[in-house]
Amino acid sequence: MQKRLGIIGIIIKDRQRAASAVNTILSDHGEIIVGRMGLPFRDRGVSIIDLIIEATTDEVGALTGKLGNLEGVRVKSLLV
């Protein structure tokens, strides 16, 4: 399967509760992550992580599926 470039946006509503699990999942899938930027958006009470990835659709699905199953975490992805 062909690798494609893409982005993944992650919004964490409860940083104290979910950050450790999110970081563990991202570390487990680190081979597909090209770049990462995290921003605490304190005014809204959320944290945002943006990922640049190079991966197959199966790899993206595995990563976003695990993240999306975490309580208080929203995930969206885009492949080109």
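Is T64 buried or exposed, and what is its relative accessible area? T64 is buried, with a relative accessible area of 18%. The cut-off for buried is under 20%, so T64 counts as buried at 18%. The legends below describe close-up views of a predicted model.

**View A. T64 in helix α2 and its contacts.**
T64 sits in helix α2. Leaving aside neighbours within four places in sequence, T64 is in contact with I8, V75 and S77. The relative accessible area of T64 is 18%.

**View B. Helices α1 and α2 pack against each other.**
Helix α1 covers residues 15-28, and helix α2 covers residues 57-68. Their axes lie 10 Å apart and make an angle of about 170°. That angle makes α1 roughly antiparallel to α2. On the α1 side, the contact is made by V22, I25 and L26. On the α2 side, L63, K66 and L67 make the contact.

**View C. L51, a buried residue of strand β3.**
L51 is found in strand β3, residues 46-55. L51 has a relative accessible area of 1%, so this residue is buried. Not counting residues up to four places away in sequence, L51 touches G6, I7, I8, I10, L26, I33, G35, R36 and L63. Two of these residues also appear in View B: L26 of α1 and L63 of α2 are part of the contact between the helices. For scale, the C-alpha atoms of L51 and E71 are separated by 20 Å. L51 and E71 are 20 residues apart along the chain.

**View D. The salt bridge between E71 and R17.**
The count of salt bridges comes to 1. E71 forms a salt bridge with R17. The closest N and O atoms are 3.1 Å apart. This pair links distant parts of the chain, 54 residues apart. E71 is in the loop between α2 and β4 (73-79), while R17 is in helix α1. Both E71 and R17 are exposed.

**View E. T57 in helix α2 and its partners.**
T57 is found in helix α2. Its relative accessible area is 36%, so T57 is partly exposed. T57 touches M1, R4 and L79, not counting residues up to four places away in sequence. T57 and L79 are 22 residues apart in sequence. In space, their C-alpha atoms are 8.2 Å apart.

**View F. S47 in strand β3.**
S47 lies in strand β3. S47 is buried, with a relative accessible area of 13%. Residues up to four places away in sequence are not counted here. S47 touches I10, I11, I12, R15, L39, P40 and F41. I10 is also among the residues that L51 touches.

**View G. G45 in the loop between β2 and β3.**
G45 has its place in the loop between β2 (33-41) and β3. With a relative accessible area of 45%, G45 is partly exposed. G45 touches I12 and K13, not counting residues up to four places away in sequence. The C-alpha atoms of G45 and K13 are separated by 6.6 Å. G45 and K13 are 32 residues apart along the chain. I12 is also one of the residues that S47 touches.

**View H. A nonpolar patch on the surface.**
L5, I7, V34, I52, L78 and V80 form a nonpolar patch on the surface. Together they have about 570 Å² of accessible area. One of the patch residues, L5, is found in strand β1, residues 4-12. L5 counts as partly exposed because its relative accessibility is 48%. Another patch residue, I7, is among the residues that L51 touches.

Terms used:
Residues numbered from 1 in each chain as written. Predicted model: local features only at pLDDT ≥ 70, side-chain atom pairs only at ≥ 80, totals over all residues. Heavy atoms only, no water. Patch = residues over 30% accessible without salt bridge, like charges linked within 9 Å, V, L, I, M, F, W, Y side chains within 5 Å. Areas by Shrake-Rupley, 256 points an atom, 1.4 Å probe, with all protein chains shown as cover. Salt bridge = Lys/Arg side-chain N within 4 Å of Asp/Glu carboxyl O. Helix = DSSP H or I, 4+ residues; strand = E, 2+ residues; numbered from the N terminus. Buried < 20%, exposed > 50% of the residue type's maximum accessible area, 1.4 Å probe, protein only. Axes fitted to C-alpha atoms, helices over the stretch in contact; angles between N-to-C directions. Parallel < 35°, antiparallel > 145°, perpendicular 65-115°, else oblique. Contact = heavy atoms within 4.5 Å.
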